[in-house]
Amino acid sequence: MAGGKSSRFGKDKLSQNLYGKLLIEHVVEATKGFSEILIVGKFPDKFRHIKSIKFVLEPFTDFSPIYGIITGLRAAKNEKILFLPGDTPFLKAEVLKTFSREFPPAVISEGDNLHSLFFLISKFQICIVEKFLKSRKHKVFDLHYLMKSKRVDVRKFLHLDYQKKSLINLNTRKELYEVISR
């Protein structure tokens, strides 16, 4: 998912360089091996250089992760779709593969905290998301509640990513600088 405004970051964060690659390229690299990889967002020109990836344009003028989810559901060919935030450069492919084996709808949780954009959903659930969108709700947490998404505890992945780096998203430049300085 690459449809945000990057307002807390101050500039387009997915085009930010980290260790010689753009943030979004790190996410794409972690998803290699999946049968279909789509980038869903509003600005296709930013991603033309990423080979073998299909960009899907959100047809909505406002910004909301729900727009990315409905756009991705409409465009995806597979029955099970794994949504990921584009600002998580430390994703581990093994974590994604393990999570993708869950029965949808599913979301990664850590205690009471949901990592709501780590979302596994079935294409057959598109009517629920469309109905949710028509109700003018936009919180992904509310969608998970409505769908009764299974909470998959992050501890299930600790043997693959004991520091839970896969769940680190970079919302601000300060967070990026902290990561670089570690």
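These legends go with close-up views of a predicted model.

**View 1. Strand β5 shows its two faces.**
Let's start with a short strand, β5, which covers residues 80-83. In a regular strand the side chains alternate between the two faces of the sheet. Here Ile81 and Phe83 point to one face and are buried. Lys80 and Leu82 point to the other face and are not buried. The partner in this view is strand β7, residues 113-122, which pairs with β5 in the antiparallel sense over four bridges. To find your place on the partner strand, look for Leu120 in β7, which stands opposite Leu82.

**View 2. Strand β7 and the hairpin with β6.**
Stay with β7 for a moment: eight of its ten residues are buried, so the strand is mostly covered. Besides β5, β7 pairs with β6, again in the antiparallel sense, through five bridges. Glu110 stands opposite Asn113 in β7. The hairpin of β6 and β7 has two residues between the strands, and Gly111 takes a positive phi near 65° there.

**View 3. Lys42 with an acid and a ring.**
Which side chain meets Lys42 in a salt bridge? The partner is Glu58, at 2.8 Å from N to O. Glu58 is in the loop between β4 (54-57) and α2 (65-75), and Lys42 is in the loop between β3 (38-41) and β4, so the contact ties together parts that are 16 residues apart in sequence. Both Glu58 and Lys42 are buried. Lys42 has another neighbour to look for: its charged end sits over the ring of Phe63, 5.1 Å from the ring centre.

**View 4. Glu102, Lys150 and Lys156 in a network.**
Side chains of opposite charge can pair when their charged atoms come close. The count for this model comes to seven salt bridges, and this view shows Glu102, Lys150 and Lys156 linked in a network of them. Between Lys156 and Glu102, the closest N and O atoms are 2.3 Å apart. This pair links distant parts of the chain, with Lys156 in the loop between β8 and α6, Glu102 in the loop between α3 and β6, and their positions 54 residues apart. Is each partner buried or partly exposed? Lys156 is partly exposed, at 42% relative accessible area, while Glu102 counts as buried at 5% relative accessibility.

**View 5. A salt bridge between Asp153 and Arg155.**
The side chains of Asp153 and Arg155 meet in a salt bridge, 3.0 Å from N to O. Asp153 has a relative accessible area of 24% and is partly exposed. Arg155, at 60% relative accessibility, counts as exposed.

**View 6. Aromatic pairs.**
Searching the whole structure turns up three aromatic pairs. One of them, Phe60 with Tyr67, is stacked, with 4.1 Å centre to centre and 10° between the planes. Phe60 counts as partly exposed at 22% relative accessibility, and Tyr67 counts as buried at 10%. Another pair is Phe99 with Phe157, which is edge-to-face: 6.3 Å centre to centre, 85° between the planes. Phe99 belongs to helix α3, whereas Phe157 lies in the loop between β8 (150-153) and α6 (173-181), and the two are 58 residues apart. Phe99 is buried, with a relative accessible area of 1%, and Phe157 counts as buried at 3% relative accessibility.

**View 7. Tyr19 and a nonpolar surface patch.**
Where is Tyr19? Look in the loop between β1 (17-18) and β2 (21-22). Tyr19 counts as exposed because its relative accessibility is 53%. Together with Tyr177 and Ile180, Tyr19 forms a nonpolar patch on the surface, with about 350 Å² of accessible area in total. The backbone of Tyr19 is worth a look too, as its phi is near 55°, a positive value in a residue other than glycine.

**View 8. Backbone details at Arg136 and Pro105.**
Most residues other than glycine have a negative phi, and most peptide bonds are trans. Arg136 is not a glycine, yet has a positive phi of about 65°. You will find Arg136 in the loop between α4 (126-134) and α5 (140-147), and at 73% relative accessibility this residue counts as exposed. For the peptide bond, turn to Pro104 and Pro105, which are joined by a cis bond with omega of about 0°. Pro105 lies in the loop between α3 (93-100) and β6 (106-110).

Definitions and conventions. Residues are numbered from 1 along each chain as its sequence is written. This is a predicted model: local features need pLDDT of at least 70, side-chain atom pairs count only at pLDDT 80 or more; totals for chains, interfaces and linings use all residues. Side-chain values use heavy atoms; hydrogens and water are left out. Patches are made of residues with over 30% relative accessible area and no salt bridge: like charges are joined within 9 Å, nonpolar side chains (Val, Leu, Ile, Met, Phe, Trp, Tyr) within 5 Å. Accessible areas come from the Shrake-Rupley method with a 1.4 Å probe; for residues, only the protein chains shown count as cover. A salt bridge is a side-chain nitrogen of Lys or Arg within 4 Å of a carboxyl oxygen of Asp or Glu. Buried means under 20% relative accessible area, exposed over 50%, partly exposed in between (1.4 Å probe, protein chains only). Two strands pair if DSSP finds at least two bridges between them. Rings of Phe, Tyr and Trp (its six-membered ring) pair if their centres lie within 6.5 Å; planes under 30 degrees apart count as stacked, over 60 as edge-to-face and the rest as tilted. A charge sits over a ring if NZ of Lys or CZ of Arg is within 6 Å of the ring centre and within 35 degrees of the ring normal.
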